[in-house]
Amino acid sequence: MERRRPGKQRGERKLAAARRGKCGAASRTAEGILALLLAPCAAFAAQVLSIEGVGMVTSNYAVELSEGDVLEAGRFIRTNSFATCTLGWTGSSDKVVLEPSSNAELVGESPIRFRLETGKIRFTGKDVEVATALATATSKRAGSYAVSLREGKEIVEVADGEAAVVTAAKKESYELHGGEELTIGGDGSAEKGPIAAPNAAK
């Protein structure tokens, strides 16, 4: 028996090592899963794709933005009278465009959510939400959408696609399809109709 004991000890050492290996592999697997869970959050951050015009685009604390900058939730994007800023997300075809003289907050990124304070925002993706003090608009499928604030009114345009709009004052719900727009007044009134011609007064 004593002759076998060293063998058993070696076997026990091998078993212990195997157990440690399994624990190490499990630990590495857990770390890998955690990395996979966290990676999309980092990979899906908003990025400045382009800045067009002769103006400037700034963020919180008047920090000037440049092409390639990455923006996390909670950042404001402000365009002056001559600048247009386009945002995108890695691995996604979704795009959000802030027209000149606009101010919007990136509230969330999965799903994409913005709060428009002033100006006009255009977007193309599905489940993109744009909220204002007057209403919240959400795209139901990929298409071409715009939300603008002008003279105390909000205008939601659906050039192509389908959107749901809920007014803030009266909590009324509207469904918009391609070629339709909804105008929400400061008093909470809403009027649905075809998209007006570019030069037509709204």
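Reader: How many residues lie between β7 and β8 in the hairpin that they form?

Author: Two residues separate β7 from β8 there. As for the labels, strands (E, at least two residues) and helices (H or I, at least four) are DSSP runs, numbered from the N terminus. Two strands count as paired if DSSP finds at least two bridges between them. Here, β7 and β8 have six bridges and run antiparallel, with G108 facing R113 of β8 as one bridge pair.

Reader: Before we go on, what am I looking at?

Author: It's a predicted model: local features need pLDDT of at least 70 and side-chain atom pairs pLDDT 80 or more, while totals for chains, interfaces and linings use all residues. Residues are numbered from 1 along each chain as its sequence is written, and side-chain values use heavy atoms, with hydrogens and water left out.

Reader: How many helices and strands does the protein chain have?

Author: One helix and 16 strands.

Reader: Back to the hairpin. Which peptide bond is cis?

Author: Look at the bond from S110 to P111, where omega is near 5°. P111 belongs to the loop between β7 and β8, so to speak the turn of the hairpin we began with.

Reader: Which strands besides β7 pair with β8, and in what sense?

Author: Take them one by one. β6 pairs with β8 in the antiparallel sense over three bridges, and V96 has F123 in β8 as its bridge partner. β9 (residues 129-131) runs parallel to β8, also with three bridges; R113 is matched there with E129. That makes R113 a handy landmark, given its bridge to G108 as well. Then β11 (residues 144-150) runs antiparallel to β8, joined by five bridges, with I121 partnered by V147.

Reader: How many aromatic pairs does a search of the whole structure find?

Author: A pair of rings is described by the distance of the centres and the angle of the planes. Phe, Tyr and Trp rings (the six-membered one for Trp) pair if their centres lie within 6.5 Å; under 30 degrees between planes is stacked, over 60 is edge-to-face, and the rest are tilted. The search turns up one pair. F123 and Y145 are stacked, with 5.3 Å from centre to centre and 15° between the planes. F123 sits in β8 and Y145 in β11, so the pair ties together parts 22 residues apart in sequence.

Reader: Are F123 and Y145 buried or exposed?

Author: Both are buried. The cut-offs: buried is under 20% relative accessible area, exposed is over 50%, and partly exposed is in between (1.4 Å probe, protein chains only). Of the 202 residues in the protein chain, 36% are buried.

Reader: Which residues touch the most other members of the largest nonpolar core?

Author: Nonpolar side chains tend to be buried together in soluble globular proteins. A nonpolar core here is a set of buried Ala, Val, Leu, Ile, Met, Phe, Trp, Tyr and Cys residues joined through side-chain atoms within 4.5 Å. The largest one has 34 residues, and I77 and F114 touch the most other members. Strand β8 (residues 112-123) gives the largest share of this core, five residues. Beyond four places in sequence, the contacts of I77 (heavy atoms within 4.5 Å) include V57, L87, S102 and F114.

Reader: S102 is on that list. Where is its place?

Author: S102 is in the loop between β6 (95-98) and β7 (103-109). S102 is buried, with a relative accessible area of 2%. A polar atom of its side chain lies 2.9 Å from the backbone nitrogen of K120. Among the other residues in contact with S102 are R78, T118 and G119.

Reader: Which residues other than glycine have a positive phi?

Author: Y61 is one of them, at about 60°; E151 is another, near 55°. Y61 falls in the loop between β2 (57-58) and β3 (70-71), and at 81% relative accessibility Y61 counts as exposed. E151 is in the loop between β11 and β12 (153-160) and is exposed too, at 71%.

Methods: Polar contact = N/O pair within 3.5 Å; in protein donor to acceptor, adjacent residues only side chain to side chain.
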